[in-house]
Amino acid sequence: MPPIPKGGTVAVTGAAGFIGGWVARQLLDKGYRVRACVRDASDDERVGFLKALPGHASGRLTLHSANLDNAGCFDDIFKGCHGVAHISHVSNYGDTDYVQMVCDHIAKSIDDSETVSRIIVTSSVAAVVSESNFDEMKARPVIYEDRFPDDQNPRRSGYSIGKVQAERAFAAAAEKQGRWDAITCCPADNVGPIQSRHQKNMGPWQHLIELMLLGECNPAVHGYRPWHTVDVRDDAACHIGLLESVFVSNGERYIAYSTDRINIEDVCRAIDRLLPELGYSTPDLTENLDEKGLQRRAERLAVYWGTDLRNDRVRAATGVGFRSLDESIRDCVESLITVGQVPVVLRDGFASRNQ
Ligand SMILES: NC(=O)c1ccc[n+]([C@@H]2O[C@H](COP(=O)([O-])OP(=O)(O)OC[C@H]3O[C@@H](n4cnc5c(N)ncnc54)[C@H](OP(=O)(O)O)[C@@H]3O)[C@@H](O)[C@H]2O)c1
């Protein structure tokens, strides 16, 4: 199927979210018309930043209340759209009947629109990697889009199950209908600037950086897994690039990842290195491991750092380049202070510039 036309109309689900907010903003910057789908278009704490965009004043950006738990909620919104960026979370990833219901009704709204030619389904690298399956990671350390989490792995989360289910459901619906394509984007760990205060509590990555600014750094979160990062602005560019690309086909998936990775304590240490004028007081790590725990952590880190997660396909299909992680961390911190109003713990002799 053809890509969406330049300057066409795109519906963005989850537009009040961290990634969706950047997709909406960058679509506007590139000249598109945007239908921002949020749960409550009157909730200015969550959607005020969208209403402040210049495209909203002119009418190029419109806001629409839609809760995807309600079948048919996108029927009117998708009519006349050329593309859909389906970025929002669902209410319960582990309930396969519910996930199927949501995919079915969104696919039906696309069918009925008669204008949508492509949907980007936001999945996750969690739907690519074998969760905590260290033997698998050692045996097959090069990880790219052909990999799916092992169905038999008892550690497999509802999140990865639901994401894979949704990818397949949309691709099957698109194939059956024959007039649109479903392309999956699998983002890595998003770091970068928030656009609205409520986004500091989401993430989880920007929220973990918020906790660092408040004086807490716990390397045990996510089982010591190093962050495999992508700047949220580059992730948004990948979503848009996949809507525009002539090199993609129904059912394909693309990992949005910069190839940067970092242990959580090094994210924390980077803050003072990148922003020395701030006077950030880098906290001690809040872990207390005995000999055995230290050994287990070292073993896990060795396996993770021995893997090679690849982004070749998304670069080839979209031409998107990726910012450095330093830039992402710096801009995330500055946005958490200015937009998020986070009160940073400072060293003696430094004062907050936020008042
Ligand atoms: N952040 C990451 O590092 C990362 C990595 C891999 C994959 N992803 C995937 O990327 C997508 C966006 O992530 P994000 O970090 O931007 O999340 P986010 O900031 O939490 O935003 C998600 C949005 O989903 C919307 N939502 C939740 N339940 C909904 C429902 N029942 N009906 C309609 N909207 C609903 C919320 O809308 P309202 O605000 O309007 O309530 C929210 O703004 C998710 O699918 C996530 O799984 C994220």
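**View 1. Residues around the ligand.** Here Ala, Val, Leu, Ile, Met, Phe, Trp, Tyr, Cys and Pro count as nonpolar, Asp, Glu, Lys and Arg as charged, and the others, Gly among them, as polar. On that basis the shell around the ligand holds nine nonpolar, twelve polar and four charged residues. The model is predicted: local features need pLDDT of at least 70 and side-chain atom pairs count only at pLDDT 80 or more, whereas totals for chains, interfaces and linings use all residues. Residues are numbered from 1 along each chain as its sequence is written. Of the 25 residues around the ligand (C-beta atom, placed from the backbone, within 6 Å of it), Gly-14, Ala-16, Gly-17, Ser-88 and Asn-190 come nearest. Helix 1 and strand 8 are the elements that give two or more residues to this shell; helices (H or I, at least four residues) and strands (E, at least two) are DSSP runs, numbered from the N terminus. Helix 1 gives the most, with three residues.

**View 2. The open sheet of seven strands.** The strand order is 3-2-1-4-5-7-10, with parallel pairing; two strands pair if DSSP finds at least two bridges between them. Strand 3 (61-65) and strand 10 (253-256) stand at the edges, each with a single partner strand, so one side of each lacks a neighbour in the sheet. Five bridges join strand 2 (residues 33-38) to strand 3, and Cys-37 has His-64 as its bridge partner in strand 3.

**View 3. Helix 8 (residues 205-213).** Seven of the nine residues of helix 8 are buried, that is, 20 or more other C-beta atoms, placed from the backbone, lie within 10 Å of their own. Among them are Trp-205, Ile-209 and Leu-213. Gly-215, whose phi is positive, near 105°, follows helix 8.

Definitions and conventions
Buried ≥ 20, exposed ≤ 12 C-beta atoms within 10 Å, placed from the backbone.
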